[in-house]
Amino acid sequence: MPISKIVISEKEEKSTRKKREKELANFLEQTFYKRLNQTKEGELVLVDDSVMQLFRIEGTGASSVGYEEQRMILSYFYTFLSKTNEHPTIETTKLPVNTTSQVAHLRRKLQILTSNKPKTERSRLQLEVKKNQLRKKIEKQKELEQILSNIEYLLYLYAENPKELRDKGKQLVDLAHSYRFNLSRLSSKEKELVLFQLNNPNTKL
């Protein structure tokens, strides 16, 4: 059945999400990842009790600038890597597009429209048209989440304990800023998806 023909209620969607979360938790238990700490940083604890943080290397739009500026961006990035005193390993993977925030925004708009009480038949028909348009947009966002993916560039940072990891992370982010690009820490949910995808490359989330 085509994805566009599948209609999932909010209740069914929550049930599906809970099932996937349980599968991810079970997966983490079977790997050398011990757990994700329920803290602001959400550091990943490994089986030897050392910790790891995942950062997203955010794009700089290099493809839309001239050759000389591209060379400068690459030079900055190379210098940043050399300053970390580590031998980098690069892994790339396609991760699912997340449209949760867009869907939530559209649902809020739909809820507002649903609470309106039109006074005329014409107003009622116009309201229904708007509501149907929002419903179609919501379904489109869900479809995009199923069929599209992003290529992410990730940086792994290791430390002996959470405090050392926070200090190292701050230094790394500041260093990246000095070379004109940004690192952003992944959310706990994103980390789970990344770890699952890296260890199950043929599985579509």
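**Exercise 1.** Is Lys163 exposed or buried?

*Solution.* The structure is a predicted model, in which local features need pLDDT of at least 70 and side-chain atom pairs count only at pLDDT 80 or more, while totals for chains, interfaces and linings use all residues. Residues are numbered from 1 along each chain as its sequence is written, and side-chain values use heavy atoms, with hydrogens and water left out.

Step 1. Buried means under 20% relative accessible area, exposed over 50%, and partly exposed in between (1.4 Å probe, protein chains only).
Step 2. Lys163 has a relative accessible area of 53%, so Lys163 is exposed.

**Exercise 2.** Determine which residue pairs with Lys163, and describe a second pair in helix H5.

*Solution.* Step 1. A salt bridge requires a side-chain nitrogen of Lys or Arg within 4 Å of a carboxyl oxygen of Asp or Glu.
Step 2. Lys163 meets this criterion with Asp167, since their closest N and O atoms are 3.1 Å apart.
Step 3. The two residues are four apart in helix H5, and therefore about one helical turn separates them. Helices (H or I, at least four residues) and strands (E, at least two) are DSSP runs, numbered from the N terminus.
Step 4. Asp167 is partly exposed, because its relative accessibility is 37%.
Step 5. A second salt bridge joins Glu164 and Lys168, at 3.4 Å from N to O. Glu164, at 27%, is partly exposed, as is Lys168, at 32%.

**Exercise 3.** Explain why Glu41 has no salt bridge.

*Solution.* Step 1. Glu41 is found in the loop between strand E1 (33–36) and strand E2 (44–46), and Glu41 is buried.
Step 2. Lys and Arg count as positive and Asp and Glu as negative, whereas His and the chain ends are not counted.
Step 3. The nearest side chain of opposite charge is Arg166, 4.4 Å away; a salt bridge must lie within 4 Å, so the pair does not qualify.
Step 4. Not counting residues up to four places away in sequence, Glu41 touches Gln53, Arg166, Arg185 and Lys191, where contact means heavy atoms within 4.5 Å.

**Exercise 4.** State how confident the prediction is along the chain.

*Solution.* Step 1. pLDDT is the predictor's confidence in each residue, from 0 to 100.
Step 2. The chain averages 76, and 67% of the residues score at least 70.
Step 3. Among the elements, H5 has the highest mean pLDDT (90) and helix H1 (residues 10–29) the lowest (60).
Step 4. Over residues 1–10 the pLDDT is below 50. Where pLDDT is low, the predicted coordinates should not be read in detail.
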